[in-house]
Amino acid sequence: VVPCYLKSHSQGEYVFDRGWAEAYHRAGGSYYPKLQVSVPFTPATGPRLLIRDGVDREMIGSALARGLRALCNATEASSVHVTFAREDEAKFLGAHGFLQRTDQQFHWHNQGYKTFDDFLGSLNSRHRKGIKRERREALAAGITIHWLTGSDITEDAWDAFFEFYMET
């Protein structure tokens, strides 16, 4: 299985490919729709080719790669975009003719910090001051953060989240 969907824009992907879309247009093509293989709203690396254990992964993976190409053609999408795939999957798809995306992600890991001040204490003075300034400016602008989980997330909250997402 490869969860995917057609996109008619590049908003909300956390991947900035507007330059590709413009170049495609200048060359006389239509970049959209494109076939997107990712988890919506989630710029997190993870499996994209969902292959169960105990089967011939090479054979199934090859069939999935061919299937993505066939689906791209059937839907008249310009291309297939597999974003935030694990390295082994990206290399596997590269071996099957998919272009390799070069990108960069930064991951934060809690190094045992019990409080935010513990974290700030691990930074040099310039970074500590910068973060404190940003937080003061956010508070002065009246920005508040609400942590919602499960049933606390209302339809209005989802609508607001989607609007913010589309602005990325």
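A cavity is a set of grid points where a 1.4 Å probe fits but cannot get out. The structure treated here is a predicted model.

**Exercise 1. State how many cavities of 30 Å³ or more the structure holds, and describe the largest.**

Step 1. Searching the whole structure gives one cavity of 30 Å³ or more.

Step 2. The volume of the largest cavity is about 60 Å³.

Step 3. Its lining consists of 14 residues, and those closest to the centre are Gly 12, Glu 13, Ser 38, Val 39 and Tyr 165.

Step 4. Sorted by class, the lining of the largest cavity has eight nonpolar, five polar and one charged.

**Exercise 2. Characterise the largest pocket by volume, lining and contributing elements.**

Step 1. The volume of the largest pocket comes to about 910 Å³.

Step 2. There are 28 lining residues, and Val 80, Val 82, Leu 99, Gln 100 and Arg 101 lie nearest the centre of the pocket.

Step 3. At least two lining residues come from each of the helices α1 (18–26), α2 (57–74) and α3 (87–95), and likewise from the strand β3 (80–82).

Step 4. By class, the lining of the largest pocket splits into 14 nonpolar, eight polar and six charged residues.

**Exercise 3. Determine which residues line the second largest pocket and how they divide by class.**

Step 1. The second largest pocket encloses about 160 Å³ of space.

Step 2. Its lining is made up of Leu 148, Ile 153, Ala 157, Trp 158, Ala 160, Phe 161 and Phe 164.

Step 3. The division is seven nonpolar, no polar and no charged.

**Exercise 4. Place Ser 30 in the fold and list its contacts.**

Step 1. Ser 30 sits in the loop that runs between α1 and β2 (34–37).

Step 2. With neighbours within four places in sequence left aside, Ser 30 is in contact with Tyr 24 and Ser 78. Contact here requires heavy atoms within 4.5 Å.

Step 3. For the pair Ser 30 and Ser 78, the sequence separation is 48 residues, while the C-alpha to C-alpha distance is 6.8 Å.

Step 4. At 2.8 Å, the side chain of Ser 30 reaches the backbone oxygen of Tyr 32.

**Exercise 5. Report the confidence of the chain, and where confidence is lowest and highest.**

Step 1. Over the chain, the mean pLDDT is 92, with 99% of residues at 70 or more.

Step 2. Confidence is lowest in helix α6 (residues 155–166), where the mean is 87.

Step 3. Confidence is highest in α2, at 98. Helix α2 is also among the elements that supply the lining of the largest pocket.

Conventions
Residues numbered from 1 in each chain as written. Predicted model: local features only at pLDDT ≥ 70, side-chain atom pairs only at ≥ 80, totals over all residues. Heavy atoms only, no water. 1 Å grid on protein atoms, 1.4 Å probe; cavity = no way out; pocket = protein on both sides within 12 Å on 5 of 7 lines; lining within 4 Å. Points joined across faces, edges and corners; volume = space filled by probe spheres on them. Helix = DSSP H or I, 4+ residues; strand = E, 2+ residues; numbered from the N terminus. Nonpolar A, V, L, I, M, F, W, Y, C, P; charged D, E, K, R; others polar. Polar contact = N/O pair within 3.5 Å; in protein donor to acceptor, adjacent residues only side chain to side chain. pLDDT = per-residue confidence, 0-100.
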